[in-house]
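Visitor: I should like to take a close look at a single part of this model. Please guide me through the nonpolar patch on its surface, and explain how that part fits into the chain as a whole.

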Amino acid sequence: MHACPNLVQYYKSWQEDGALTPSHSLEAVLYTLMEYCPRGDLSAALRLAAPMPEPVVWFVLLSVLQVASSMACVRRRSSASMRSRSFI
């Protein structure tokens with residue numbers, strides 16, 4: 001179980017060759033394996049709830065921005081940590 005029940009667990013991602021483009025060239029395809037969400041994704045929830053009252057829209061928007069900001073902060077810290085380790 002992960003720390004936050006409102007976040008989807010990421011397991012792994014990988015890249016494979018094989019997608020044929022309209023110009024008949026092969027492009028890489030990126031796959032992402034994530035936790036199954038039985039109640040659907042945010043996009044589906046937003047479509048079902050439309051139209052939403054403005055306070056709900058602000059709550060969803062601020063929640064998404066808060067998570068994105070937290071992820072950026074963690075990414076910056078882990079990147080700085082990796083740089084400091086490479087000099088040891």
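Guide: Leu-33 lies in strand β2. The model is a predicted one, and in this prediction Leu-33 has a relative accessibility of 37%. Buried would require under 20% and exposed over 50%, so Leu-33 is classed as partly exposed.

Leu-33 does not stand alone. Together with Tyr-11, Trp-14 and Tyr-31, Leu-33 makes a nonpolar surface patch of about 390 Å². Two strands contribute to this patch: β1, which covers residues 10-20, and β2, which covers residues 26-34, each supply at least two of its residues.

Two members of the patch deserve particular attention. A search of the whole structure finds one aromatic pair. The partners are Trp-14 and Tyr-31, whose rings are stacked, with 5.5 Å from centre to centre and 20° between the planes. An angle under 30 degrees is what places the pair in the stacked class, so the 20° between these planes satisfies that condition. The pair links distant parts of the chain, since Trp-14 belongs to strand β1 and Tyr-31 to strand β2, with their positions 17 residues apart in the count.

How accessible are these two aromatic residues? Trp-14 has a relative accessibility of 31% and therefore counts as partly exposed. Tyr-31, at 36%, is also assigned to the partly exposed class.

We may now place the patch within the chain. The secondary structure consists of two helices and two strands, and from the N terminus the elements follow the order β-β-α-α. Of the 88 residues in the chain, 2% are buried. The accessible surface of the chain comes to about 8100 Å², and carbon and sulfur atoms account for 64% of that area. Among contacts between residues at least 6 apart in sequence, 22% join residues at least 24 apart.

One residue beyond the strands offers a further example of sequence distance. Val-67 is located in helix α2 and is partly exposed, with a relative accessible area of 31%. Val-67 and Leu-7 are 60 residues apart in sequence, while their C-alpha atoms are 8.8 Å apart in space.

Finally, the confidence of the prediction must be considered. The mean pLDDT of the chain is 75, and 70% of its residues reach 70 or more. Confidence is highest in β2, at 83, and lowest in helix α2, residues 54-86, at a mean of 70. Where pLDDT is low, predicted coordinates should not be read in detail. Strand β2, the element of highest confidence, is also where Leu-33 is found.

Conventions. Residues numbered from 1 in each chain as written. Predicted model: local features only at pLDDT ≥ 70, side-chain atom pairs only at ≥ 80, totals over all residues. Heavy atoms only, no water. Helix = DSSP H or I, 4+ residues; strand = E, 2+ residues; numbered from the N terminus. Buried < 20%, exposed > 50% of the residue type's maximum accessible area, 1.4 Å probe, protein only. Contact = heavy atoms within 4.5 Å. Areas by Shrake-Rupley, 256 points an atom, 1.4 Å probe, with all protein chains shown as cover. Patch = residues over 30% accessible without salt bridge, like charges linked within 9 Å, V, L, I, M, F, W, Y side chains within 5 Å. Salt bridge = Lys/Arg side-chain N within 4 Å of Asp/Glu carboxyl O. pLDDT = per-residue confidence, 0-100. Phe/Tyr/Trp six-rings, centres within 6.5 Å; stacked < 30°, edge-to-face > 60°.
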